Amino acid sequence: MGPLSGYKIIEIAGIGPGPFCAMMLSDLGAEVVRVDRKSAEGTGSKFNVLNRGRKSVAVDLKNPDGIEAVLKLVEGADALIEGFRPGVMERLGLGPDVCFARNPKLVFGRMTGWGQDGPMAQAAGHDINYISLSGALHAIGSKDGKPVPPLNLVGDFGGGGMMLALGVVSAILEAQKSNQGQIVDAAMTEGSAALMGIIFGQHSAGVWSNDRGTNMLDSGAHFYDSYECQDGKYISLGSIEPQFYAILLEKAGLDDAAFEKQMEKDEWAGLKDTITEVFLTKTRAEWCEIMEGTDICFAPILDLDEAPEHPHNKHRKSFIEIDGVTQHAPTPRFSRTENATPSAPPMAGEHTDEVLSNWGFSGDEIANLKSSGA
């Protein structure tokens with residue numbers, strides 16, 4: 001099931017973007033084996049959605065027999081992904097050169113914040129730091145306010161794990177033609193910069209200001225923002241195009257001539273004050289009755305409990321439940337190679353015997369690895 005069915009990926013367990021990448025590849029049908037630490041054996045949680053859909057082996061990577069076991073897995077894999085600081089895999093004895101010697105077609109996916117080289121390469125960091133260096137965090141926030149972290153969506157997931165998944169799949173496709181593997185160096189700083197491409201372009205053109213909250217897409221415009229309703233709930237507007245903006249004015253009863261100056265930035269603050277007061281006159285449900293489903297570019301802002309219950313999301317089955325845990329369905333969708341429903345996140349080492357046997361280890365080899373503590 002899924003377009004990546006038949007491909008085999010090794011994931012060296014980590015946090016954040018690495019597991020997200022592995023989840024995406026698994027959701028799309030790849031067989032992903034997660035190599036967890038031996039010390040973590042038996043741990044895990046069904047709530048760790050990023051670990052869903054794959055099997056886990058527990059290996060002591062400080063034991064030479066454990067390293068040899070991983071290298072034997074490498075021999076049968078299409079790709080390996082890891083998220084350590086630069087040089088850690090080499091010190092373990094699992095660096096690219098060693099792995100390529102075992103499998104020349106292997107794709108070696110590396111996930112870091114700063115990249116494999118450069119002055120910052122060895123420094124610790126998290127999503128908030130990586131998107132600071134790319135300019136992304138500076139651009140997010142309200143006027144006269146400080147930068148607001150967009151959760152860890154831009155660095156860890158959009159600019160990190162998703163970019164690594166794209167890179168790994170691209171390199172696997174290339175290896176089918178060249179019969180040669182390669183390293184994929186995915187850096188969250190660079191991935192988040194890529195997500196900012198259109199903003200950098202507009203800034204170079206002189207139409208995007210460095211002042212937060214003053215631009216069309218960053219809450220500066222009255223027609224592209226969120227608004228509170230009478231009941232304390234919120235709605236979102238994205239009425240950029242003139243024909244959509246006209247419907248907004250009609251449905252909201254905004255007949256003031258000042259609203260005809262849609263793209264005049266000097267007018268935005270005053271128009272926003274007016275439209276703020278208008279949305280406070282009705283509840284969110286009342287505004288949905290008036291605007292939802294029209295071409296205003298309108299949606300209610302749903303919380304984490306509400307989103308899975310919205311009729312559109314329910315119709316699309318956008319959310320699923322696995323072992324009692326509500327989570328997103330695999331995406332994107334495919335017309336022919338349909339994605340399967342993922343399995344629940346495994347406990348560390350839950351499938352050690354099964355995976356090793358399926359990947360070509362004999363019963364004696366498995367027994368010897370156990371007796372050596374690997």
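A residue counts as exposed when its relative accessible area is over 50%. This cut-off serves the first stop of the tour, which is made through a predicted model.

**First stop: E338**

Select E338, in the loop that runs between β11 (325–328) and α13 (352–358). Its relative accessible area is 53%, so E338 is exposed. Next, add M1 and G2 to the selection: E338 is in contact with both, once its neighbours within four places in sequence are left aside. Then display L28 as well. Although L28 and E338 stand 310 residues apart along the chain, 8.5 Å separates their C-alpha atoms.

**Second stop: the second largest pocket**

Turn now to the second largest pocket, whose volume is about 360 Å³. To centre the view there, select S26, A30, G53, R54 and S343, which are the closest to the pocket's centre of the 25 residues that line it. Colouring by secondary structure is helpful here: α1 (17–27) and β2 (31–37) are the elements that give two or more residues to this lining. If the lining is coloured by residue class instead, nine residues appear as nonpolar, eleven as polar and five as charged.

**Third stop: the largest cavity**

How many cavities of 30 Å³ or more does the structure hold? There is one. The largest cavity contains about 30 Å³ of space. Select L4, I9, L25, A30, V168, V169 and I172 to display its lining. A30 has already been selected, as one of the residues closest to the centre of the second largest pocket. Which element gives the most to the lining of the largest cavity? It is α6, with three residues. By class, the cavity lining consists of seven nonpolar residues, with no polar and no charged ones.

**Fourth stop: helices α6 and α7**

Remain with α6 and show the helix in full, residues 153–178, together with helix α7, residues 188–195. Two packed helices are described by the angle between their axes and by the distance between those axes. Here the angle is about 95° and the axes lie 8 Å apart. Angles from 65 to 115 degrees count as roughly perpendicular, and α6 is therefore roughly perpendicular to α7.

To see where the two helices meet, select V154, G155, D156, G158, G159, G160 and M163 on α6, and M188, G191, S192, A194 and L195 on α7. The residues of this contact divide into five nonpolar, six polar and one charged.

Technical notes:
Residues are numbered from 1 along each chain as its sequence is written. This is a predicted model: local features need pLDDT of at least 70, side-chain atom pairs count only at pLDDT 80 or more; totals for chains, interfaces and linings use all residues. Side-chain values use heavy atoms; hydrogens and water are left out. Helices (H or I, at least four residues) and strands (E, at least two) are DSSP runs, numbered from the N terminus. Buried means under 20% relative accessible area, exposed over 50%, partly exposed in between (1.4 Å probe, protein chains only). Contact means heavy atoms within 4.5 Å. On a 1 Å grid over the protein atoms alone, a cavity is a set of points where a 1.4 Å probe fits but cannot get out, and a pocket is an open set with protein on both sides within 12 Å along at least five of seven lines; lining residues have an atom within 4 Å of a point. Grid points are joined across faces, edges and corners, and a volume is the space filled by probe spheres set on the points. Ala, Val, Leu, Ile, Met, Phe, Trp, Tyr, Cys and Pro count as nonpolar, Asp, Glu, Lys and Arg as charged, and the others, Gly among them, as polar. Axes are lines fitted to C-alpha atoms, for helices over the stretch in contact, and angles run from 0 to 180 degrees between N-to-C directions. Angles under 35 degrees count as roughly parallel, over 145 as roughly antiparallel, 65 to 115 as roughly perpendicular and the rest as oblique.
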